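Here is a short, friendly tour of one protein chain, written to be read with the model open beside you. We will look at its empty spaces, its strands and a few backbone details.

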Amino acid sequence: MAGINGDDGEPGFGVYLHWPFCAAKCPYCDFNSHVRHQPVDQARFVAGFLKEIDHMRALSGPRTVTSIFIGGGTPSLMAPETLGAILDGVAKAWHLPDGIEITLEANPSSVEAERFRGYRAAGVNRVSMGVQALNDRELRFLGRLHNVEQALGAIRLARDIFPRMSFDLIYARPGQRADDWERELNQAIDLAADHLSLYQLTIEEGTRFFALHRAGKLVIPDDDHAARLYEITQAVTAARGLPAYEVSNHARPGAESRHNLTYWRYGDYAGIGPGAHGRLETTAGRMATATEKHPETWLEMTETNGHGVIEESPLSPEEQADELLLMGLRVREGVDIARWSALAGKPLDSEREAFLMQLGLIERIGNSRLRATPEGMLLLNRIVAELS
């Protein structure tokens, strides 16, 4: 039976909408986000989104949407009317069943009760909050514009207005002790509704943290300590009723992110907006799509060409098999072996499988599925390389 996320176990068809603007660029962030010091012409961007939606509809054909995710950037900087117009465009292009999961990313610093109610009226029924830490000093270190008091207020407001709510935390921060993280994690679970996303701090090229790290001015926990923090995360969330269903995501059973499950099950999704990526089954086969990253350039392309797509690349069965394995091993439900074999054109290598099982990195679920063990979750790239 489906949980509150409406999940029927199938990969599904998702729509991802990327709003690329932020009030400030966080020092750890390598997402396609941009700061603008003048107001964004939201009406003009709505027109661009609607044109690109039509283009994606032409590629995908008629489909039933199983989830919508509005990410960024900071989508909660949008006027509710802007979001409503874009969602109306999605509903005109594809079939939207009643009650499907529609998630909006939000930052506590941009939260207002009136705007949240406007998003709810537009159809959003799940919000994902970028909290990142429950400590004011750590929030300043992470470059966040909110403090703990604002974060707690935003969480309370989200729980009052939306049927479902999740928020993110970043751990393995410089100098973070195991007991400090365990306390913060328990506090987060006390605040959580049904879902938490818990990410280890990683140093990504092109970010301010990357430059500081390279200069020796930013030291993150070593691999052993990071692994210890990961183990604490798994143990505490499982004991508190929010077990991991993916490497970094935890939920009460039935409350998993329906949209993210589409990615991890290697379903189809239309990526719309500046810098969005997609995977679509078309009349020409499965296609990888990507759009222009620079927002104003993307907008001009939509006005000139009817879309901002810069890549529509066919994926070979072998490429699909690799992607299926990489995505599917991230989740506790694992990978459908028959589906992988059909794409790869070969069975799993029994010797390599046995070797990885002997190392305690993978395990079978019955005869039909393969998954990474908790230890294997930390070594997914190695596992995929061995099995591909």
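Strands in this report are DSSP runs of at least two residues, numbered from the N terminus, so a label such as β1 simply tells you where a run falls in that count. Please keep in mind that the structure is a predicted model.

**The annotated region**

Let's begin with the record. An unreviewed UniProt entry annotates residues 7-243 as "domain: Radical SAM core". Over that stretch the chain is 43% helix and 19% strand. The C-alpha atoms at the two ends of residues 7-243 are 17 Å apart.

**A cavity and a pocket**

Rolling a probe the size of a water molecule over the atoms shows where empty space is left. For this model, a search of the whole structure turns up 1 cavity of 30 Å³ or more. The volume of the largest cavity is about 30 Å³. Its lining consists of Leu17, His18, Trp19, Phe49, Ile70, Met78, Leu83 and Ile86. Which element supplies the largest share of that lining? Strand β1 does, with 3 residues. Both β1 (13-19) and α2 (80-93) contribute at least two residues each.

The second largest pocket has a volume of about 200 Å³. Two elements, α4 (136-141) and α6 (178-191), each give two or more residues to the lining of this pocket. The lining holds 14 residues, and those nearest the pocket centre are Asn135, Glu138, Arg173, Asp180 and Glu184.

The table sets the two spaces side by side.

| Space | Volume | Largest share of lining | Lining by class |
|---|---|---|---|
| Largest cavity | about 30 Å³ | β1, 3 residues | 7 nonpolar, 1 polar, no charged residues |
| Second largest pocket | about 200 Å³ | α6, 5 residues | 3 nonpolar, 4 polar, 7 charged residues |

**Around the cavity: helix α3 and a cis peptide bond**

Some of the same stretch of chain comes up again when we turn to Arg115, a residue of helix α3 (residues 113-122). Leaving aside residues up to four places away in sequence, Arg115 touches Ser76, Leu77, Met78, Pro80 and Ser110. Met78, one of these contacts, is also among the residues lining the largest cavity. Arg115 and Ala79 are 36 residues apart in sequence, yet their C-alpha atoms are 7.2 Å apart in space.

Two backbone details are worth finding on your screen. As background, most residues other than glycine have a negative phi, and most peptide bonds are trans. In this model the peptide bond from Gly72 to Gly73 is cis, with omega near 20 degrees. Gly73 sits in the loop between β4 (67-72) and α2. The other detail is Gln132, which has a positive phi of about 75 degrees although it is not a glycine. Gln132 belongs to strand β6 (residues 126-132).

**A hairpin and an open sheet**

Further along the chain, strands β12 (residues 277-282) and β13 (residues 285-291) run antiparallel and are joined by 6 bridges. How many residues lie between β12 and β13 in the hairpin they form? There are 2 residues between them. Within this pairing, Leu280 stands opposite Met287 in β13.

An open sheet of 3 strands follows the order β15-β17-β16, and its pairing is antiparallel. The edges are β15 (335-336) and β16 (362-365), each of which pairs on one side only. Strand β17 (residues 369-372) is joined to β15 by 2 bridges, and these two strands run antiparallel. You can locate that pairing through Asp336, which stands opposite Arg369 in β17. Helix α13 (residues 350-358) lies across β16 and β17, and it runs at about 110 degrees to β16.

Technical notes
Residues numbered from 1 in each chain as written. Predicted model: local features only at pLDDT ≥ 70, side-chain atom pairs only at ≥ 80, totals over all residues. Heavy atoms only, no water. UniProt positions renumbered as here; feature names shortened; annotations may be inferred. Pairing = 2+ DSSP bridges. Contact = heavy atoms within 4.5 Å. Axes fitted to C-alpha atoms, helices over the stretch in contact; angles between N-to-C directions. 1 Å grid on protein atoms, 1.4 Å probe; cavity = no way out; pocket = protein on both sides within 12 Å on 5 of 7 lines; lining within 4 Å. Points joined across faces, edges and corners; volume = space filled by probe spheres on them. Nonpolar A, V, L, I, M, F, W, Y, C, P; charged D, E, K, R; others polar.
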